[in-house]
Amino acid sequence: MAEDPLERIAREERERKNNSLRMVTIVLAAVCAILLVALGYITYRNAMVRKAIQASGTTAEGGFYTLVSELNDEKQDLVSELEQLKSDYDSLSSDYDSINSQLDTSRAEVAALLEKIKSTDATNRAKMRQYEKELGTLRSIMRNYIVQIDSLNTLNHKLTADVAEARREVAQSRKDNEELSQKVDELSGQVAAGSVIKARGISLHAYNSSDKVTDRSSRTVRLMASLSLVENELAPRGPLTVYMRVKDPDGIILTNSSRISFTCGDEAMVASASREVDYEGSEVDLSIYLNDIPSYTSGIYTVEMYTEQTLLGTAELMLR
């Protein structure tokens with residue numbers, strides 16, 4: 001049987017009222033729950049304050065406000081101490097990455113603790129005592145950082161000083177070695193100079209076909225240079241070649257078919273004649289002949305005597 005329209009409208013109206021009533025009931029229950037929580041918190045806070053008042057021996061109503069004020073002052077002191085600690089941490093620095101990483105961690109802990117204290121009610125004594133302990137721990141950690149950084153800085157300064165001293169010693173050693181090398185070079189130069197064979201009594205004479213000395217160019221058939229190699233204990237022992245270079249009046253080197261060449265120092269030269277002697281450090285007298293020159297002209301002839309080390313000396317001869 002179909003429901004009467006009026007009855008249906010009345011039923012739907014009753015359902016809407018019931019739903020509205022249930023909604024209001026739920027809202028009121030939620031408000032009551034919130035009020036109960038707030039009341040519980042206020043009751044707990046008052047109980048904590050009364051307990052703190054009783055612990056301090058204050059019983060008057062005015063003591064309540066005095067204690068709250070003192071607790072706020074203590075909180076502010078704690079905040080000030082932590083801000084000072086934060087500033088102290090910020091002033092710390094190190095040249096070591098590991099310590100800097102630890103400092104960054106501790107700075108973050110200080111900042112987090114500061115925010116906790118600021119957001120916590122001063123009357124929450126348990127939390128405040130906990131934060132005081134954490135503050136003390138962070139202070140101890142900072143003191144350890146200071147000791148560690150000072151120790152490392154001291155060690156670093158010592159190492160720097162040691163490195164500087166080592167560098168000075170190396171520089172001094174290098175200087176001493178250079179001076180020693182210079183002295184060795186000087187002594188070596190002196191020894192080398194002292195080991196050079198020298199000569200004395202160099203002379204040049206002309207001979208005719210009868211093997212007699214002459215001063216006439218037309219009668220000259222050969223020239224003879226004489227000299228003495230002086231005694232020298234530093235000179236090397238063994239075979240020694242002495243070279244003779246004769247220049248005619250026009251400065252031309254006289255040579256025969258043998259055409260001897262040699263090197264004195266770094267210079268290549270041509271010799272008129274040469275002779276090898278056995279030199280043992282004692283004085284040696286020797287003569288060198290120049291033969292097979294087709295003719296001689298009048299004028300001054302110059303002879304130069306050499307070894308492969310040095311020029312021994314010169315002499316002149318005048319032919320008419």
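The following questions and answers go through a predicted model, its strands, its cavity and a few single residues.

The model is predicted, so local features need pLDDT of at least 70 and side-chain atom pairs count only at pLDDT 80 or more, while totals for chains, interfaces and linings use all residues. Residues are numbered from 1 along each chain as its sequence is written, and side-chain values use heavy atoms, with hydrogens and water left out.

Colleague: How many helices and strands does the chain hold?

Modeller: Helices (H or I, at least four residues) and strands (E, at least two) are DSSP runs, numbered from the N terminus. From the N terminus on, the elements run α-α-α-α-β-β-β-β-β-β-β-β-β-β. The count is four helices and ten strands.

Colleague: What percentage of the residues of the chain count as buried?

Modeller: Buried means under 20% relative accessible area, exposed over 50%, and partly exposed in between, with a 1.4 Å probe and protein chains only. The chain has 320 residues, and the buried part comes to 29%.

Colleague: In what order do the four strands of the open sheet stand?

Modeller: Two strands pair if DSSP finds at least two bridges between them. Strand 1 (residues 199–207) and strand 2 are joined by two bridges, and strand 3 (residues 222–229) and strand 8 by seven. The pairing in the sheet is antiparallel, and the order is 2-1-3-8.

Colleague: Which strands stand at the edges of that sheet?

Modeller: An edge strand here has a single partner strand, so one side of it is left without a neighbour in the sheet. The edge strands are strand 2 (213–214) and strand 8 (284–290).

Colleague: Which side chains of strand 8 point to the buried face?

Modeller: In a regular strand the side chains alternate between the two faces of the sheet. In strand 8, Asp285, Ser287 and Tyr289 point to one face and are not buried. The side chains that point to the other face and are buried are those of Val284, Leu286, Ile288 and Leu290.

Colleague: With which side chain does the side chain of Ser226 make a polar contact?

Modeller: Ser226 lies in strand 3 and is buried, with a relative accessible area of 15%. Contact means heavy atoms within 4.5 Å, and Ser226 touches Gly201, Ile202, Ser203, Leu286 and Ser287, not counting residues up to four places away in sequence. A polar contact is a pair of N or O atoms within 3.5 Å; within protein, one must be able to donate a hydrogen and the other to accept it, and residues adjacent in sequence count only if both atoms are side-chain atoms. At 3.0 Å, the partner of the Ser226 side chain is that of Ser287.

Colleague: Why is strand 9 largely enclosed by the rest of the structure?

Modeller: Strand 9 (residues 299–306) is joined by five bridges to strand 4 (residues 238–247) and by eight to strand 10 (residues 311–319). Strand 9 also forms a hairpin with strand 10, with four residues between them. Strand 9 is largely enclosed because its buried residues number six of eight.

Colleague: Which residue in strand 10 is the bridge partner of Met305?

Modeller: Met305 is in strand 9 and stands opposite Met244. Its bridge partner in strand 10 is Gly313.

Colleague: Which elements give two or more residues to the lining of the largest cavity?

Modeller: On a 1 Å grid over the protein atoms alone, a cavity is a set of points where a 1.4 Å probe fits but cannot get out, and lining residues have an atom within 4 Å of a point. The largest cavity has a volume of about 40 Å³, and its lining residues include Leu71, Glu74, Arg125 and Glu132. The elements asked for are helix 2 (61–91) and helix 4 (125–195).

Colleague: Is Thr120 buried or exposed?

Modeller: Thr120 lies in the loop between helix 3 (97–119) and helix 4. The side chain of Thr120 makes a polar contact with the side chain of Tyr131 at 3.3 Å. With 12% relative accessibility, Thr120 counts as buried.

Colleague: What is the phi of Asp211?

Modeller: Most residues other than glycine have a negative phi. Asp211 is found in the loop between strand 1 and strand 2 and is partly exposed at 45% relative accessibility. Its phi is positive, near 65°.

Terms used. On a 1 Å grid over the protein atoms alone, a cavity is a set of points where a 1.4 Å probe fits but cannot get out, and a pocket is an open set with protein on both sides within 12 Å along at least five of seven lines; lining residues have an atom within 4 Å of a point. Grid points are joined across faces, edges and corners, and a volume is the space filled by probe spheres set on the points.
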